[in-house]
Amino acid sequence: MPELPEVETIRRALEPELVGRRLRHPWAFASPKFTPALLADDVRVVHVRRRAKYLLLGLHDDHELVVHLGMTGTVHLGEAIDDGYVRARWALDDDRTLTFRDVRRFGRLRVVPTGDYRTIPTLATAGPEPFDPEFDGAHLYAAVKQSRRHVKTQLLAQRAVAGLGNIYADEALWLARVNPAVRTLTRRQADALAEAIVEALGDGVRNGGTTLRDYRTVDGETGRNQHHLHAYGRAGQTCDRCSTELQSRVLDARTTTWCPTCQRR
Ligand SMILES: [Zn+2]
């Protein structure tokens, strides 16, 4: 599932290409998840932003087209494609086509007044952006203290910080040497984990995202971050720090991989 680095990689590619272009002749797959695309009709794109794992295309009529990629959503800009998995499509005023493709249909499109996310609760309640100055160890310490859930589950819940999914949560916990199943953090651990979250997500962005199966950049390329993972998906392999065999278990319904030595409870 695309997390912050994948969505940010797409955003960075789209911004210089889409701002100032006009979306025309919208087409949408017949599902209420995708038909809001039809509301973005003959309107200029004024910004391409990201908040948490959502892509936000600002429209000249003071609305935003909110794109959630779900599990398998991809955005393509260029030639029109039509392979049965296209869920929405716009012609641009420069003869290119903007396509939203989503095999498993867990993605979603919305058009809302700019900045008004009341109808999208996971976006409206998302915690701070990890790259914003307000996100630091003090914030993370206070946020985690309010709950008794496992720290990894809290990271996935998006309230303590926005943008993490299973991949980057496992990576950040490994970098910070924090066991995923603890329910409280010391202040020192919170500082290390906040720093590790920024590092894991920053590396993900610099590497153009992580491609395990479906994720592709706007150009149809795979990301490169899958070659740099330390924990996620590496159960049974040795820890890059201490050579202990990494372990894996299901924690609150999510497969979780960690080093039993570096990330001792
Ligand atoms: Zn280790």
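Biologist: Leaving out residues up to four places away in sequence, which residues does L140 touch?

Modeller: Happy to start there, with the note that this is a predicted model. Once residues up to four places away in sequence are set aside, five names remain for L140. They are A160, V161, A190, L193 and A194.

Biologist: Which residues have the most contacts inside the largest nonpolar core, and which helix gives the most to this core?

Modeller: That core has 68 residues, and the ones with the most contacts inside it are L57, V67, L140, L164, A172 and L193. Looking at contributions by element, one helix gives eight residues, the most to this core. At least three residues of the core come from each of domain 1 (4–124) and domain 2 (137–258). The helix you asked for spans residues 166–176 and is helix 5.

Biologist: How far apart do the C-alpha centres of domain 1 and domain 2 lie?

Modeller: The protein chain is divided into domain 1, residues 4–124, and domain 2, residues 137–258. Taking the C-alpha centre of each domain, the separation is 27 Å.

Biologist: Which element gives the largest share of the side of domain 1 that touches domain 2?

Modeller: The contact takes 17 residues from domain 1 and 19 residues from domain 2. On the side of domain 1, the elements giving two or more residues are helix 1 and strand 5. The largest share there is eight residues, and it comes from helix 1.

Biologist: Why is one side of strand 5 left without a neighbour in the sheet?

Modeller: Eight strands form an open sheet, paired antiparallel, in the order 5-7-6-1-2-3-4-8. Strand 5 and strand 8 (108–113) stand at the edges, so one side of each lacks a neighbour in the sheet. From one strand to the next, the twist averages 30°. The reason you asked for is that strand 5, at an edge, has a single partner strand.

Biologist: Over how many bridges do strand 1 and strand 6 pair?

Modeller: In strand 6 (residues 86–92), A88 is the bridge partner of A28. The pairing of strand 1 with strand 6 is antiparallel. The number of bridges is four.

Biologist: And what about strand 2: which of its residues stands opposite L23?

Modeller: Strand 1 (residues 22–28) pairs with strand 2 (residues 43–51) in the antiparallel sense, over two bridges. Opposite L23, in strand 2, stands V43.

Biologist: What angle does the direction of helix 1 make with that of strand 2?

Modeller: Helix 1 covers residues 4–18 and packs on the sheet. There it touches strand 2, strand 3 (54–59) and strand 5. Relative to the direction of strand 2, the direction of helix 1 makes an angle of about 155°.

Biologist: Is H76 buried or exposed?

Modeller: H76 sits in strand 5, residues 73–78. Beyond its neighbours within four places in sequence, H76 is in contact with I81, T99, R101, V218 and G220. There are 21 other C-beta atoms within 10 Å of H76, and the cut-off is 20 or more. H76 is therefore buried.

Biologist: Is V205 buried or partly exposed?

Modeller: V205 belongs to helix 6, residues 187–206. Outside its neighbours within four places in sequence, V205 is in contact with P5, E8 and T9. The count for V205 is 19 other C-beta atoms within 10 Å, against the 20 or more needed for a buried residue. So V205 is partly exposed.

Biologist: How far apart in space are V205 and G223, C-alpha to C-alpha?

Modeller: In sequence, V205 and G223 are 18 residues apart. In space, their C-alpha to C-alpha separation is 9.3 Å.

Biologist: To finish with the whole protein chain, what is its radius of gyration?

Modeller: The protein chain has six helices and ten strands. For 265 residues the globule rule gives 18 Å, and the value for this chain is close to that, so it is as compact as a globular protein of that length. Of these residues, 42% count as buried. The radius of gyration is 19 Å.

Technical notes:
Residues numbered from 1 in each chain as written. Predicted model: local features only at pLDDT ≥ 70, side-chain atom pairs only at ≥ 80, totals over all residues. Buried ≥ 20, exposed ≤ 12 C-beta atoms within 10 Å, placed from the backbone. Contact = placed C-beta atoms within 7 Å. Pairing = 2+ DSSP bridges. Axes fitted to C-alpha atoms, helices over the stretch in contact; angles between N-to-C directions. Core = buried A, V, L, I, M, F, W, Y, C linked by C-beta atoms within 7 Å. Domains from an automatic or database assignment. Rg over C-alpha atoms; globule rule 2.2 N^0.38 Å.
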